[in-house]
Amino acid sequence: MPELKPIVDLDATDRRLMVATQAGLPLVSRPYDALAEQLGIAAGDVLRRLQRMQDCGVIRRIGAVPNHYAIGYTANGMSVWDVDDARIDELGLQVGQLEFVTHCYRRPRRLPDWPYNLFAMVHSQDRAQVAARVAQIAALLGAACRSHDILYSSAILKKTGLRIAG
Amino acid sequence: MPRAALRSAAAAEALDQTDRRLINALQGDFPLVPEPYRQVAEGLGLSEAELLQRLDALLARRVLTRFGPMFQIERAGGAFVLAAMRVPEAEFERVAAQVNGFPEVAHNYRREHALNMWFVLATATPDGIAETIAAIEASTSLPVLAFPKEREYFVEMKLHA
């Protein structure tokens, strides 16, 4: 589990590199050179530091973050499940393995209003497809699941990604 | 919000096959080499200039919300937490503006449920989460429910365009 790995120490230059790139990489032919110039360090140092952060999981990956709606995923359902505590880890891993689930977590219940402890995101072209996929999750969970719901998103209010203070 | 959905549907129609190939390719691992755009462009049969121009346009049109490193701040001692609020309809816009004004709010979605606002907080230290939640509650005068992750079973933030 990623949570159990030791925390990675970042030095002040790593943190400056994080602050300099969290909004995006420069759109120029040599983006790492541009960052090096901005931070006053060598280009090779930028590459080594980014590579290290990627190798140890501080950077999940470098790439594009699409707006789900804009690329055709207009039905975005957060499916939530009340799963037997004794079986949730075994079943949560199986739900996470379904090819259409993009995120899957165990989270605390907030009783009495919120009985759900398993969260699985399902992105599809329409709600009928989300419902069909949620039915597949329900079948997998079987009697270990007492109830579930789907919370569809109706608007992206903000999507900047993290912004650590510099 | 219907207006946002309509705008996005129009954007989806306006994506050509090259844009889609580019979006799919750029969700993979971007190379850590001196001229990374050139390398990706060659793989797609494009010139570096065309790739950069299309990437710039996709970001400007908000088809892509960002292009760069995705930080897992927990690995460096920080924290992410999912949180939700029950916002009265009449106050939704005011509260959305207040919540979005916090730099610690990385993303925020309106959802169809009594808990109708769901956002993710990202802070450089674990203590930052409780402080930010307290500040959001003080600013909005509404309670915030936190749903910290207890276990991560799977995360793969790639969507085929």
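This briefing walks through how chains A and B meet and how their strands join up.

The model is a predicted one, in which local features need pLDDT of at least 70, side-chain atom pairs count only at pLDDT 80 or more, and totals for chains, interfaces and linings use all residues. Residues are numbered from 1 along each chain as its sequence is written, chains are lettered from A and ligands numbered from 1 in the order in which they are written, and side-chain values use heavy atoms, with hydrogens and water left out. Strands of both chains come together in an open sheet of nine strands, and the contact between the chains takes 83 residues from chain A and 80 residues from chain B.

**The interface**

- Contact here means heavy atoms within 4.5 Å.
- About 8,100 Å² is buried between chain A and chain B, and carbon and sulfur atoms give 59% of that area. Buried area is the accessible area (1.4 Å probe) that two parts lose on being put together, summed over both.
- The rule finds six salt bridges across the interface of chain A and chain B, a salt bridge being a side-chain nitrogen of Lys or Arg within 4 Å of a carboxyl oxygen of Asp or Glu.
- Arg30(A) forms a salt bridge with Glu35(B), and the closest N and O atoms of this pair are 3.9 Å apart.
- There are also 43 residue pairs in polar contact across the interface, with both residues at pLDDT 80 or more. A polar contact is a pair of N or O atoms within 3.5 Å; within protein, one must be able to donate a hydrogen and the other to accept it, and residues adjacent in sequence count only if both atoms are side-chain atoms.
- On the side of chain A that touches chain B, strand β5 (residues 145–159) of chain A gives the most, with 10 residues. Helices (H or I, at least four residues) and strands (E, at least two) are DSSP runs, numbered from the N terminus.
- That side of chain A divides into 46 nonpolar, 21 polar and 16 charged residues. Ala, Val, Leu, Ile, Met, Phe, Trp, Tyr, Cys and Pro count as nonpolar, Asp, Glu, Lys and Arg as charged, and the others, Gly among them, as polar.

**The shared sheet**

- The strand order is β5(B)-β2(B)-β4(B)-β3(B)-β5(A)-β2(A)-β4(A)-β3(A)-β6(B), with antiparallel pairing. Two strands pair if DSSP finds at least two bridges between them.
- The edge strands are β5 (145–147) and β6 of chain B, and each pairs on one side only.
- β5(A) pairs with strand β3 (residues 105–111) of chain B in the antiparallel sense over five bridges; Lys158(A) stands opposite Asn108(B) in β3(B).
- Strand β3 (residues 101–106) of chain A pairs with strand β6 (residues 151–155) of chain B, antiparallel, over four bridges. Arg106(A) stands opposite Arg151(B) in β6(B).
- Within chain A, strand β2 (residues 75–83) and β5(A) pair in the antiparallel sense over seven bridges. Met78(A) has Leu151(A) as its bridge partner in β5(A), and Val80(A) has Asp149(A).

**Backbone details**

- The peptide bond from Leu111(A) to Pro112(A) is cis, with omega near 5 degrees, and Pro112(A) is found in the loop between β3 and β4 (118–124) of chain A.
- Arg62(B), a residue other than glycine, has a positive phi near 65 degrees. Arg62(B) lies in the loop between α4 (48–60) and β1 (64–71) of chain B.

**Chain B at a glance**

- Chain B has six helices and six strands, running α-α-α-α-β-β-α-β-β-α-β-β from the N terminus on.
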